[in-house]
Amino acid sequence: MALNARLDHRNPLVFDTHELGRRPGALQRLTREIDAPKDLGIQGVIGVPEGAPVELELRLESVMEGVLVTGTARALAKGECVRCLEPLELVLEADFQEMFSYPDADDRGRVKAEPADDAEEDEDRLFIEDGLFDLEPVLRDAVVLALPMQPVCQDDCLGLCSECGARLTDDPDHHHDAVDIRWAALQGLAGSLEDGEKDEMSGAEPGVDEKQEK
């Protein structure tokens with residue numbers, strides 16, 4: 001990723017490496033709790049609600065070409081079961097590791113004689129800017145990879161009845177009497193005949209019953 005606009009040190013996902021220094025092998029461990037940014041997760045499926053607490057544990061290691069960041073993010077994700085559509089919660093633990101490069105160093109950590117203007121080379125790289133790096137793109141990628149693409153409330157969730165929408169896990173014996181479509185027309189014909197017979201009986205000539213009685 002090419003260099004972006006100046007980073008804001010007040011952003012909770014922006015970290016300062018000045019204390020770490022540039023001496024290879026230097027280490028720094030950090031813990032920080034932040035409010036989840038907007039759309040952290042798989043949009044429309046499952047994710048960490050905006051503003052929910054996210055715990056970060058980071059290990060910063062200074063290397064020749066930049067700072068190697070290794071960490072874990074923990075949070076509570078919320079979504080909807082893809083089988084029964086009930087709301088669900090999932091304890092999220094996402095691990096990540098990313099290199100943030102010094103903008104004045106090449107791939108071998110050597111200081112560049114002249115700044116390179118190679119957009120393709122820098123397209124997928126993350127950089128340290130004025131001693132700061134932004135963890136947000138790394139966090140987003142890690143959370144998406146750690147979340148299930150098709151979350152379920154429980155592994156054996158039976159889903160919903162295709163006919164009435166009832167939740168089958170609550171009533172495993174739930175069923176509907178199936179009617180063979182090959183007999184449906186005959187049943188309708190039988191009903192029509194019965195209705196016709198009733199109509200004929202109700203339409204009998206007056207006095208017929210009286211004559212029979214006499």
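Colleague: What does buried mean for a residue here?

Modeller: Buried means under 20% relative accessible area. This is a predicted model. Buried residues make up 31% of the 214 residues in the protein chain.

Colleague: How much surface does the protein chain expose, and what share do carbon and sulfur atoms supply?

Modeller: The exposed area is about 14,700 Å². Carbon and sulfur atoms supply 49% of that area.

Colleague: Next, the fold. How many helices and strands does the protein chain have, and what pattern do they follow?

Modeller: There are four helices and nine strands. Along the sequence, the pattern reads β-β-β-β-β-β-β-α-β-β-α-α-α. Contacts add to that picture. Take those between residues at least 6 apart in sequence: 63% join residues at least 24 apart.

Colleague: How should I read the pairing of strands? Which way do β5 and β6 run, and over how many bridges?

Modeller: Look for bridges first. Two strands count as a pair if there are at least two bridges between them. β5 and β6 pair in the antiparallel sense, over nine bridges. R59 has T70 in β6 as its bridge partner, and E57 stands opposite T72 in β6. Two residues separate β5 and β6, which form a hairpin.

Colleague: Which strand joins β5 through nine bridges besides that hairpin partner?

Modeller: Strand β2, residues 27–35, is joined to β5 by nine bridges and runs antiparallel to it. Within that pairing, L30 stands opposite L58 in β5.

Colleague: And β6? How many bridges join β6 to β7?

Modeller: There are 15 bridges between β6 and β7, and the two strands run antiparallel. V67 is bridged to F100 in β7. β6 and β7 also form a hairpin, with six residues between them. In that turn, L85 has a positive phi of about 70°. β4 is joined to β6 as well, by two bridges in the antiparallel sense. There, G47 has K78 in β6 as its bridge partner.

Colleague: Now the interior. How many residues are in the largest nonpolar core, and which have the most contacts inside it?

Modeller: The general idea: in soluble globular proteins, nonpolar side chains tend to be buried together. In this model, the largest nonpolar core has 38 residues. Those with the most contacts inside it are V48, V54, L56, V69 and L135. Several elements each supply at least two residues of this core: β3 (40–42), β4 (46–48), β5 (53–63), β6 (66–80), β7 (87–101) and α2 (136–146).

Colleague: Take V69. Which residues is V69 in contact with, leaving aside neighbours within four places in sequence?

Modeller: V69 is in contact with L58, R59 and L60. The list also includes F96, Q97, E98 and F100. F133 and L135 are on it too.

Colleague: One polar case. Is S62 buried or exposed?

Modeller: S62 lies in strand β5. Its relative accessible area is 1%, so S62 is buried.

Colleague: What lies 3.4 Å from a polar atom of the S62 side chain?

Modeller: The backbone oxygen of G21 does. Not counting residues up to four places away in sequence, S62 touches L20, G21, R22, R23, P24, G25, A26 and Y102.

Key:
Residues are numbered from 1 along each chain as its sequence is written. This is a predicted model: local features need pLDDT of at least 70, side-chain atom pairs count only at pLDDT 80 or more; totals for chains, interfaces and linings use all residues. Side-chain values use heavy atoms; hydrogens and water are left out. Buried means under 20% relative accessible area, exposed over 50%, partly exposed in between (1.4 Å probe, protein chains only). Contact means heavy atoms within 4.5 Å. Accessible areas come from the Shrake-Rupley method with a 1.4 Å probe; for residues, only the protein chains shown count as cover. A nonpolar core is a set of buried Ala, Val, Leu, Ile, Met, Phe, Trp, Tyr and Cys residues joined through side-chain atoms within 4.5 Å. A polar contact is a pair of N or O atoms within 3.5 Å; within protein, one must be able to donate a hydrogen and the other to accept it, and residues adjacent in sequence count only if both atoms are side-chain atoms.
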